[in-house]
Structure formats: structure tokens, C-alpha cells
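This report looks at how a single protein chain is built and at how some of its charged side chains are placed. Please keep the sequence and the structure in view while reading.

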Amino acid sequence: MSRTTTTRRTNTTRGTITVSRTITISRSNRLALTLALALGAALVLLYSGAARSETIATGDAVMVRPSDMVRPSRGMTMHAVEARFGAPQQRHEAVGEPPISRWDYQGFTVFFERDRVIHAVVDPAS
């Protein structure tokens, strides 16, 4: 594969200067470049979705450990959470500004800012 690049520059006292340059990429170099890009993309995909963790609060300490527990994701609406996970065991009224509310489910607690999930925490007993 080759590509030719032509550049033209005009100089009013000497006329037009034309510079041509041809870049040639061999078949083996194209293959190596394609494989490198594919490997890079595969590594990005591997690391992007692999890690999922849960935040555990015990007393005054907070820990993070790997988790496969399905829970609401950040940005979900209250309506979407209730449609997917059912009614919570307990709803706590909103406090503060912006209003932060909490819903308790079996195994996890969901925190909302207005009507959007900001965090879902796995209960320590789970």
C-alpha cells in the first residue's frame, strides 16, 4: 500500500514549488499494525468490565471487596429501580439539600439524590 502526498507552496518572487513524497507500507507492516491495534482493543475491553466491587461499612471502617451482587447502577431513576428490584423493605425520607434519600433492600442499600441513584452499598451481613 502506498500513498502519495503532494504539497504546493507559492512564493511570489520565485514561482510555485511542488514537493511530492510517497509513503509505502509493506503487507507485513500492515499486518503488524492491525494485530497491535486489535491487541490494544482487546486489553482495553478486558480491563474495562472486569472489576466490580462492593463497599462494605462495618462500624467506623469502610472496606471494598469484589462482588457479583446485582444492584442498581449510578444514574438509574427511582422508578427504574423499583421496576427492576421491586418495592424496598424500607424507605427513608429525604434529608438535606440536595435531598438525599435511602431505600433498604435485602442485601443492599440504595442512596438517591433527588430521584437518581448515586450509590448502592452491599450490607455487611450479606
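Accessible areas come from the Shrake-Rupley method with a 1.4 Å probe. By this method the chain, which is a predicted model, exposes about 9,700 Å², and carbon and sulfur atoms supply 56% of that area. Of the 126 residues of the chain, 17% count as buried.

**Overall build**

The secondary structure of the chain comes to 2 helices and 8 strands, and read from the N terminus on, these elements follow the order β-β-α-β-β-α-β-β-β-β. Among the contacts in the chain with a separation of 6 or more, 26% are made by residues that lie 24 or more positions apart.

**The hairpin of β7 and β8**

The strands β7 and β8 pair in the antiparallel sense, and 6 bridges connect them. Within this pairing, Val110 has Ala120 in β8 as its bridge partner. The hairpin has 2 residues between the strands, and Arg114 takes a positive phi near 55° there.

**Salt bridges**

How many salt bridges does the structure hold? There are 5 salt bridges in the structure, and the table lists some of them with the distance from N to O.

| Side chains | Distance, N to O |
|---|---|
| Glu97 and Arg114 | 3.5 Å |
| Asp104 and Arg102 | 3.2 Å |
| Arg116 and Asp115 | 3.9 Å |

The side chains of Glu97 and Arg114 meet in a salt bridge, and this pair links distant parts of the chain, since Glu97 lies in the loop between β5 (90-95) and β6 (100-105), while Arg114 lies in the loop between β7 (108-113) and β8 (116-122), 17 residues apart. Glu97 is exposed, because its relative accessible area of 67% is over the 50% cut-off. Arg114, with a relative accessible area of 47%, is partly exposed.

In the salt bridge of Asp104 and Arg102, is Asp104 buried or exposed? Asp104 counts as buried, because its relative accessibility is 13% and the cut-off for buried is under 20%. Its partner Arg102, in contrast, is partly exposed, with a relative accessible area of 31%.

Arg116 and Asp115 also meet through their side chains in a salt bridge; Arg116 counts as partly exposed at 41% relative accessibility, and Asp115 counts as partly exposed at 38%. Beyond such pairs, salt bridges that share partners join Glu97, Glu113 and Arg114 into one network.

Note on methods
Residues numbered from 1 in each chain as written. Predicted model: local features only at pLDDT ≥ 70, side-chain atom pairs only at ≥ 80, totals over all residues. Heavy atoms only, no water. Salt bridge = Lys/Arg side-chain N within 4 Å of Asp/Glu carboxyl O. Helix = DSSP H or I, 4+ residues; strand = E, 2+ residues; numbered from the N terminus. Buried < 20%, exposed > 50% of the residue type's maximum accessible area, 1.4 Å probe, protein only. Pairing = 2+ DSSP bridges. Contact = heavy atoms within 4.5 Å.
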